[in-house]
Amino acid sequence: MGSNPSNQPGPGLLRRLGVQVARRPSLFLAGALAVTVALAPFSLRLKAEADVNKMLPEGDPSLSVMALVDSEFGGSDEVAVVIECRDVFALATLHAIDSLTSALADLPGVAEVQGLTTLQDVRGQGDDVIISKVIDSVPSDPARLAALRSAVLADPRYRGTLVSADGTAALLLARLLPGCDKERAVAAIVQVAREHGSAGRVSLSGSPALMKFIRDWMTSDMLKLLPVVVLVLVLTLLLTFRTWYGVLLPLGAVLIALVWTLGLVGLFRQPITIVMVVLPPVLVSVGSAYGIHIVERWEHERRLGKGPRPAVEIAVGSTGLPVFLAMATTVAGFGSNFLMKIASIRAFSVFSVVGIAFSFILALTFVPAVLALVRRDVKNRPDEAEHGRRRNRWCANWGGWAFRHRALVLLAGAAVAALALAAALRVRTETDFVRYFKPGSQPTRAARIVNERFGGMMQFEFIVEGDIVDPDVLERMARFQAGLESIPHITQVYSVVNVLETTNRAFNGGAPEFERLPESRDATAQYLLLLSFSGSEFLSRFITSDYQVARVTARFDRQESREIAVAAERIKSLMAATFAGSSVKTNVGGMPMAVLALHRNIQSSQLGSVITALVAVFLLVAILFRCLRLGFASLLPILFTLAVSFGVMGAAGLRVDVVTAMLGSIAVGIGIDYSCHLIARRREEQAAGFAGEELARRTLGSVGPAIIVNALAVGLGFSVLMFSSLSIIQQFGLLVAATMLYSSVGALALLAAALGGRGKPRRQP
Amino acid sequence: MKQLLALLVVANLVAALTGSEVLDRVRAVTNAKDRQATAAMTITDKGNRVQTRALRTVMKGDNKLMMTFKSPADLRGVTFLTTSSDNMWIYLPAQGRVRRISGSAVDQGFGGSDFSFREISNLSFADNSATQPAESTAVDGKPAWFLTVKDKDGAASRIWVEQARYLPLRVEKLGADGKAKKRIEFGDFVNRGESWIPVEITIHDLSRGSRTELKLDSLKLNTGVKDGYFTEANMKKGA
């Protein structure tokens, strides 16, 4: 990245900074130390957070419904405890399930446990109305066990809800208290489930459990992946510099920047989300390049015979500007993610920008301050020089070939981009959070079992506000529920309507023809009063005490946001048609709607953030190089990169999720660096009087190897994410790593060819 | 009167009582052969939504109780009857039928309130026994006994009893974890003959965040209510 300061616009500030750092290195080192000491303690405050609701913007309608369910109906966060066994109705298994149920119900944070041995029922028998548990006590004799098995498996309220149709799996739903420490509650449930292994194979699902798994694995990823990224960086630096300062300074600068950034994250009490978990690898991979450029230039000047401090002045004064441009374009790319409507992506945007800025500041202060104190001579290494010459020759030859065949290169690039674009049209957004996990993992498996055998893990929540005991309102609710049941993948629709129908039948001796709504308002109010004997919990899950707000729940046996979108459309039409002309207000929410809101927020804001990033880097390049043509040309490799990145995603069937949603803008932000390096170097060669094929050869010959090494280093840094425990992070790492390949090829081939050999030679070589 | 009360207090301090003795004295002063009253029930849920209900109650001994709703209009005439802890009936005017209610889950709440039927019908701690010696303490500046009791099912409660008159001041129902689940506060006792009856009772469900206030009016004690009063026919008449 060597640049002549006299050829760069506006380097005065950087030159002055270089002089100050060279004169007072201790002052800058003390400053870096002071900020580190001040911010480091806050990085210990970091807390992982994986709640999908916290990703949505405040005021999202799905959140208001969830808040209402929390405040009025005791919440909807349920941990699904799946028990697989040979026979649920075996005596030992029933006892074990009962014991597990009791142990779960006693846990702090657990409001209630719904299961075969806790489920309440209202039934009629002669003149008696019996309000009791379905299984008051576990029967011990085989005949009663067999009778229980037959009765439960014949009843649609239990079969496929709490017991699988074949009787080999049972489900316990532990509802958490709103506002409780969900992580602690789920951890306690995991512990209790582990202690009750005799019930069968126990696994957990439900959003609080999945969130806990994601949080745990995110935390373990943070601790596991960062050292590997650092190791990759150390190896890259060792191969590049083979000196202690060449390894330790860029690494130290980026690690200090990381401590400062995470300190600010902790200071502002921002959670570490699934998106923020990629921040450390991103910062280390991207931010280290700035220090590398400074060290490279300092070594170059030292080889030319400059002393440590003059070399620092030149390194900061001349290399500072291209490094600034690289930083500014990366900031533009990462910063454009702030336009996304997802809170965790916006937080990532802010802190990645801050982290990149810190890396830049430290590369221009901390790194040269230490270099100013290095007294050791820098000598050429003969083997390295020869190796470098070969690399440069190869790149120069490629530059010459690309110049001579520029039409072919551009045509090939356009053809690849066109093919990729066709495949990119198949890319879909998908915010199903079970996809965060690897196929075959415990959470994926448990989710599949709940979906296939128990009617689904996610629950739609419908709120009906009005005079609920009005027979007309109840009748509409009944019609609405019947309509819901006809929508594919919707199962287990339930509300106070079902409770009243069951009670009506029970009050009338259990006669099936009375399994219908009571006919009058008084009868409804009186049944609700009767049900109050069974405790308010029985009713309060579905209707408020003043009978003004009712809740309808419906499970959904799929998780994909595309499936949810289809169902949501039908639900909204059904809701509008059923309650038209009524005075009641209706609303829909629940986890499927939160997932859908996330899906729509990504869809609606992703393109905007990529376009913003493109416009920002265009303006930066055009202004700093004072040339509109270069601004447009710099976009060429980026557009190629975007087309190929999304084309590969489309061809591989990968989906845009909450993390890969940032791929486009990150690709712009990092990938533009290669174009900037190439353009800056080409300007230097032009200024030196070269043109035509020679200009192309010299440009590629000098900057080509640096671009390849940079892309390899960043790509390798990101590919470390493939060791993540979470599938979503693995995909992101590999996609960004591949993006580095596309953008470096874009710069070295397409941009080189597009720029051609135009230029006015000032001096013949 | 004040001197007498002071003497009683001093006497109590000198001769500390066992928990059972305190409980016996509470039963003695709050006991009545029968009682009739109208009651205003105000239920306030955790969202501060308020519902009011008017009832007429007739009670004999510790077991026989008939309660009839007078308002709101859609509940008017609904009547509950219990003659023992296992026998409970309900009359719903809209259905014109009386049904016996049974099962393990019937004693969780009454009329949407925070009272269970047992709590509302047994305010004299008839089936409770003290598990520890009474401790001397104070409630709102009044000298009080503090004792821990258990009912016949083993559920524990903490009771604070005014030392001067042996009137219950506060009860906390404890869960299996030993933490208070419900708190009952007694206020404004009226004296009829030898009995002191609380006419204002507030119950707080501490886990749900709701509360129910019960105010008794037109209280009559020991009027000679017959056993034959507690019948299906009288339920249908609306008591």
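**Sheets, helix packing and backbone features of a predicted two-chain model**

β4(B) and strand β5 (residues 87–92) of chain B pair in the antiparallel sense over five bridges. Strands pair if DSSP finds at least two bridges between them. Helices (H or I, at least four residues) and strands (E, at least two) are DSSP runs, numbered from the N terminus. The model is predicted: local features need pLDDT of at least 70, side-chain atom pairs count only at pLDDT 80 or more, and totals for chains, interfaces and linings use all residues. Residues are numbered from 1 along each chain as its sequence is written, while chains are lettered from A and ligands numbered from 1 in the order in which they are written.

Within the β4(B)–β5(B) pair, B:Thr79 stands opposite B:Tyr91 of β5(B). β4(B) is also joined to β3(B), through four bridges and in the antiparallel sense. Here B:Met66 faces B:Leu81 of β4(B). The loop between β3 (64–71) and β4 (79–84) of chain B holds B:Pro72. The peptide bond from B:Ser71 to B:Pro72 is cis, and its omega is near 5°. A second backbone feature of chain B is B:Asp140, a residue other than glycine with a positive phi, near 50°. B:Asp140 sits in the loop between β8 (135–139) and β9 (142–150) of chain B. Most residues other than glycine have a negative phi, and most peptide bonds are trans.

Chain A is assigned domain 1 (1–45 + 243–380), domain 2 (70–211) and domain 3 (444–595). The bounds come from an automatic or database domain assignment. The C-alpha centres of domain 1 and domain 2 of chain A are 56 Å apart.

One open sheet of chain A has four strands in the order β2-β5-β1-β6, with antiparallel pairing. Its edges are β2 (110–114) and β6 (201–205) of chain A; each has a single partner strand, so one side of each lacks a neighbour in the sheet. Neighbouring strands of this sheet are turned against each other by 20° on average, direction ignored. Angles run from 0 to 180 degrees between N-to-C directions, and axes are lines fitted to C-alpha atoms, for helices over the stretch in contact. β2(A) and strand β5 (residues 169–176) of chain A run antiparallel and share four bridges. In this pair, A:Gln114 is opposite A:Leu173 of β5(A). Helix α4 (residues 91–105) of chain A packs on the sheet and touches β1 (78–84), β2 and β5 of chain A. The direction of α4(A) makes about 160° with that of β2(A). Helix α15 (residues 442–453) of chain A also packs on the sheet, touching β1, β5 and β6 of chain A. The direction of α15(A) makes about 90° with that of β6(A). Residues are in contact if their C-beta atoms, placed from the backbone, lie within 7 Å.

Another open sheet of chain A has four strands in the order β9-β10-β8-β11, and the pairing is antiparallel. β9 (490–494) and β11 (585–590) of chain A form the edges; each has a single partner strand, so one side of each is without a neighbour in the sheet. The average turn between neighbouring strands of this sheet is 20°, direction ignored. Three bridges link β9(A) to strand β10 (residues 549–556) of chain A in the antiparallel sense. A:Ile490 faces A:Phe556 of β10(A). Helix α3 (residues 61–73) of chain A lies across β8 (458–465), β10 and β11 of chain A, at about 95° to β11(A). Helix α20 (residues 561–579) of chain A lies across β9, β10 and β11 of chain A, at about 165° to β11(A).

Helix pairs were also examined. Helix α9 (residues 279–303) and helix α24 (residues 692–719) of chain A pack at about 170°, with axes 9 Å apart. This angle makes α9(A) roughly antiparallel to α24(A). Angles under 35 degrees count as roughly parallel, over 145 as roughly antiparallel, 65 to 115 as roughly perpendicular and the rest as oblique. The contact residues include A:Pro281 and A:Val284 of α9(A), and A:Val714 and A:Phe718 of α24(A). The residues of this contact divide into six nonpolar, three polar and no charged. Ala, Val, Leu, Ile, Met, Phe, Trp, Tyr, Cys and Pro count as nonpolar, Asp, Glu, Lys and Arg as charged, and the others, Gly among them, as polar.

Notes: Contact = placed C-beta atoms within 7 Å.
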